[in-house]
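Hi everyone, thanks for making room for me today. Let me put the structure up, and then I'll walk you through a few bits of it.

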Amino acid sequence: MAELKFDGKVAIITGAGGGLGRCHALLLGARGAKIVVNDLGGAVDGSGKGSATPAQNVVEEIKAAGGEAVADGNSVSTEEGAAGIIKTAIDNFGRVDILINNAGILRDKSFAKLTSELLHSVLDVHLLGTINTSKAVWAIMKEQQYGRIINTTSAAGLFGNFGQTNYAAAKMGIVGVTKVLSIEGMKNNIMVNSLAPGAKTRMTEELLGPLADKMRPEQVTPIVAYLAHDDCPVTGEIFSAGAGRTAKIFVGATQGYFNIDVTLEDIRDNFAKICDENNYAIPKNAMEEIGMVIPLLQ
Ligand code: NAI
């Protein structure tokens, strides 16, 4: 089978100055895509005045391997910053085909100690960042009838993790954004998926414990690149990748208990049936989930 290539495609990768984003940028760049390496160059918690060096270093790496790339230092967390990132792509390469929303910061705190500043700064980068950049490319992708967007979520949002209310809210919000954009983008060939990665980076090296050395960004990037490719066969899905395991994560619904005149005691008496995960369904959208009741109403 032929190698998957990205010739003629332009990809923006946010937060690509290091970690996972750098790895995504290197693979797509090596396979022929022209890359916008966006990165603010701040610390893991988003502090510091930023630096152009990390993004520029990745640009040099891509060029040294024979690829084409340009650095961008805008922040995803404002609409102006996001517009600036898209402008960098258009000014340098004339189009945008792929957007990988990867930029992120971490400001963990148990809920009792969570401050408004810790909450909003994390929502701004992850959730609003993803919305801002997607919004800035949306009209372009619609117009050209082509787009691939990959949003970075996290197991912390999908399954929960101590001390990460702000991060989990943002990351699960990103899943909602992914689902809605996938539905709205369908008729324009814009495919939008999300990925929950697991890899040793500066963000996680102290969190992953003994598994850390088995978890390389290079094991995460292949699924991201596939979702960014012309051949991507799905939209609106969530994937998980880490330590060489790549899997799909989904939101399902049990068949449930039906009684048109349901009472409080009915809920108590039928709770096991409500929770019975046998024959669960995976609705494709909200109407499909609500519609699960239709056959029961006949
Ligand atoms: P990282 O800290 O190496 O990379 C994040 C990059 O985003 C940094 O280079 C940072 O400068 C950049 N950034 C931060 N704020 C920005 C802004 N406002 N505008 C532009 N760039 C900005 O960490 P890592 O691990 O590579 O994280 C990448 C993504 O993967 C993040 O969204 C993170 O939440 C997510 N993730 C990572 C996991 C892991 O195991 N490494 C697990 C789950 C999710």
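Okay, start with valine 37, which stands opposite alanine 71 in S3. Carrying on along the chain, the path goes from S2 through helix H2 (residues 53–64) to S3, and this β-α-β crossover is right-handed. Right-handed here means that, with the strands pointing away from the viewer, the path from the first strand over the helix to the second runs clockwise.

Quick housekeeping before I go further. What you're looking at is a predicted model, where local features need pLDDT of at least 70, side-chain atom pairs count only at pLDDT 80 or more, and totals for chains, interfaces and linings use all residues. Residues are numbered from 1 along each chain as its sequence is written, and side-chain values use heavy atoms, with hydrogens and water left out.

On the labels: helices (H or I, at least four residues) and strands (E, at least two) are DSSP runs, numbered from the N terminus. Two strands pair if DSSP finds at least two bridges between them.

So, back to the sheet. S2 and strand S3 (residues 68–72) run parallel, joined by five bridges. On the S1 side, strand S1 (residues 10–13) is also parallel to S2, with four bridges. Valine 10 is the residue standing opposite lysine 34 in S2. The chain gets from S1 to S2 through helix H1 (residues 19–30), and that β-α-β crossover is right-handed too.

Is strand S2 largely enclosed or largely open? Four of the five residues of S2 (residues 34–38) are buried, so the strand is largely enclosed by the rest of the structure. By buried I mean under 20% relative accessible area; exposed is over 50%, and partly exposed is in between (1.4 Å probe, protein chains only).

Now to the hairpin. Strand S7 (residues 238–242) and strand S8 (residues 245–249) are antiparallel and share five bridges. One pair to click on is alanine 241, whose bridge partner in S8 is threonine 246. There are two residues between the strands, and alanine 243 takes a positive phi near 60 degrees in this hairpin. Alanine 243 is partly exposed, at a relative accessible area of 36%.

Where else does a residue other than glycine have a positive phi? Have a look at glutamine 145, with phi near 55 degrees. Glutamine 145 sits in the loop between helix H4 (116–144) and strand S5 (147–152). Its relative accessibility is 41%, so glutamine 145 counts as partly exposed.

Right, empty space, which I suspect some of you were waiting for. The grid has 1 Å spacing over the protein atoms alone: a cavity is a set of points where a 1.4 Å probe fits but cannot get out, while a pocket is an open set with protein on both sides within 12 Å along at least five of seven lines, and lining residues have an atom within 4 Å of a point. Grid points are joined across faces, edges and corners, and a volume is the space filled by probe spheres set on the points.

There is one cavity of 30 Å³ or more, and the largest cavity holds about 30 Å³ of space. Its lining includes Thr14, Asn101 and His126. H4 supplies the largest share of that lining, four residues. By class, the cavity lining has three nonpolar, six polar and no charged residues. For those classes, Ala, Val, Leu, Ile, Met, Phe, Trp, Tyr, Cys and Pro count as nonpolar, Asp, Glu, Lys and Arg as charged, and the others, Gly among them, as polar.

Then there's the second largest pocket, at about 440 Å³. Two elements give two or more residues to its lining: helix H6 (165–185) and helix H10 (286–290). H6 gives the most, with five residues. In total 19 residues line this pocket, and Lys179, Gly236, Pro283, Lys284 and Asn285 lie nearest its centre. The class split there is nine nonpolar, five polar and five charged.

Why does the second largest pocket lie where it does? Domain 1 (10–249) and domain 2 (264–297) both give residues to the lining, so the pocket lies between them. Those bounds come from an automatic or database domain assignment. The C-alpha centres of the two domains are 34 Å apart.

That's my tour, happy to rotate things if anyone wants another view.
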